[in-house]
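This report describes the interior, the main pocket and two backbone details of the structure shown below.

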Amino acid sequence: MTPINHRVAEHAIDPLFLERWSPRAFTVDGISEAELLSLFEAARWAPSSYNSQPWRFVYARRGTAHWDKLLGLLNEFNASWAKHAAALVIVVSKQTLAVPGKTEEIPSYSHSFDAGAAWAQLALQATRSGWQAHGMVGFDHVRAAAELNVPAGYRVEAVVAIGKPGDKAQLPEALQARETPSQRNPLSASVFEGAFPAG
């Protein structure tokens, strides 16, 4: 296969999967409300247990009224580069669901898994649209739940920075070397027929 971003898939896949990566250097480009909503639209069509759609998104675009609040939830390291992103998105998942035909809520075993599917679709749509999305967990989860009015029964999962990849020279020297699409372990390290290998 032809390398994309210095990556080569072991098997035939759509190039989009190799084009998606998680940069920290972003351009000054802002993202319009319509462009951002198209990313959420892609996320909306993710699969979920019983079609419960447990994902929720709280967002702010750079330069808007809620930007400083969301940026202030990040740890110092992540805030140092994410401040240049076009948008920040907090991913939240609902921990219960109602099985079709019933009204009583029960614990959802897969709420985080399902929210992860929605985040993946958002990230791929971002790439398809000329953006990149960088997910992170380096933020204050407790403050995020309180300051964003997250209801009881919901879990704050992650923060996503969205922007157009920029010049890595804007990053500290230590990060510049890391500003490249990462590789993946071989498929044989994570895919097993029948059971995990013995031993």
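Of the 25 residues in the largest nonpolar core of this predicted model, L74, W81, L88, I90 and A161 touch the most other members. Four elements, α3 (67-71), α4 (76-82), β2 (87-94) and β6 (154-163), each supply at least two residues of this core. Apart from this core lies another one, made up of 20 residues, and its members include L36, A123, A133 and V160.

Which residues does L74 touch, when residues up to four places away in sequence are not counted? The contacts of L74 are then with A79, A82, L88, M136, G138, F139 and V159. One of these partners, L88, is itself listed with L74 among the core residues that touch the most other members.

The largest pocket has a volume of about 490 Å³. Its lining consists of 20 residues, and those that lie nearest the centre of the pocket are A9, I13, F17, L18 and R184. The elements that give two or more residues to this lining are α1 and α5 (111-128), and it is α5 that gives the most, with four residues. When the lining of the largest pocket is sorted by class, eleven residues are nonpolar, five are polar and four are charged.

Two asparagines deserve attention for their backbone. N5 has a positive phi of about 55 degrees although it is not a glycine, and for N51, likewise not a glycine, phi is also positive, at about 55 degrees. The table sets out where each residue is placed and how accessible it is.

| Residue | Phi | Place | Relative accessible area |
|---|---|---|---|
| N5 | about 55 degrees | segment before α1 (16-19) | 30%, partly exposed |
| N51 | about 55 degrees | loop between α2 (33-44) and β1 (55-61) | 52%, exposed |

Is N51 buried or exposed? N51 counts as exposed because its relative accessibility is 52%, and the cut-off for that class is over 50%. N5, with a relative accessible area of 30%, is therefore partly exposed, since that class lies between the limits of 20% and 50%.

As for annotation, an unreviewed UniProt entry lists residues 19-71 under "domain: Nitroreductase". In the model, the end C-alpha atoms of residues 19-71 lie 26 Å apart, and the span is 34% helix and 13% strand.

Conventions:
Residues are numbered from 1 along each chain as its sequence is written. This is a predicted model: local features need pLDDT of at least 70, side-chain atom pairs count only at pLDDT 80 or more; totals for chains, interfaces and linings use all residues. Side-chain values use heavy atoms; hydrogens and water are left out. UniProt positions are given in the numbering used here, feature names are shortened, and annotations may be inferred rather than shown by experiment. Buried means under 20% relative accessible area, exposed over 50%, partly exposed in between (1.4 Å probe, protein chains only). On a 1 Å grid over the protein atoms alone, a cavity is a set of points where a 1.4 Å probe fits but cannot get out, and a pocket is an open set with protein on both sides within 12 Å along at least five of seven lines; lining residues have an atom within 4 Å of a point. Grid points are joined across faces, edges and corners, and a volume is the space filled by probe spheres set on the points. Ala, Val, Leu, Ile, Met, Phe, Trp, Tyr, Cys and Pro count as nonpolar, Asp, Glu, Lys and Arg as charged, and the others, Gly among them, as polar. A nonpolar core is a set of buried Ala, Val, Leu, Ile, Met, Phe, Trp, Tyr and Cys residues joined through side-chain atoms within 4.5 Å. Contact means heavy atoms within 4.5 Å.
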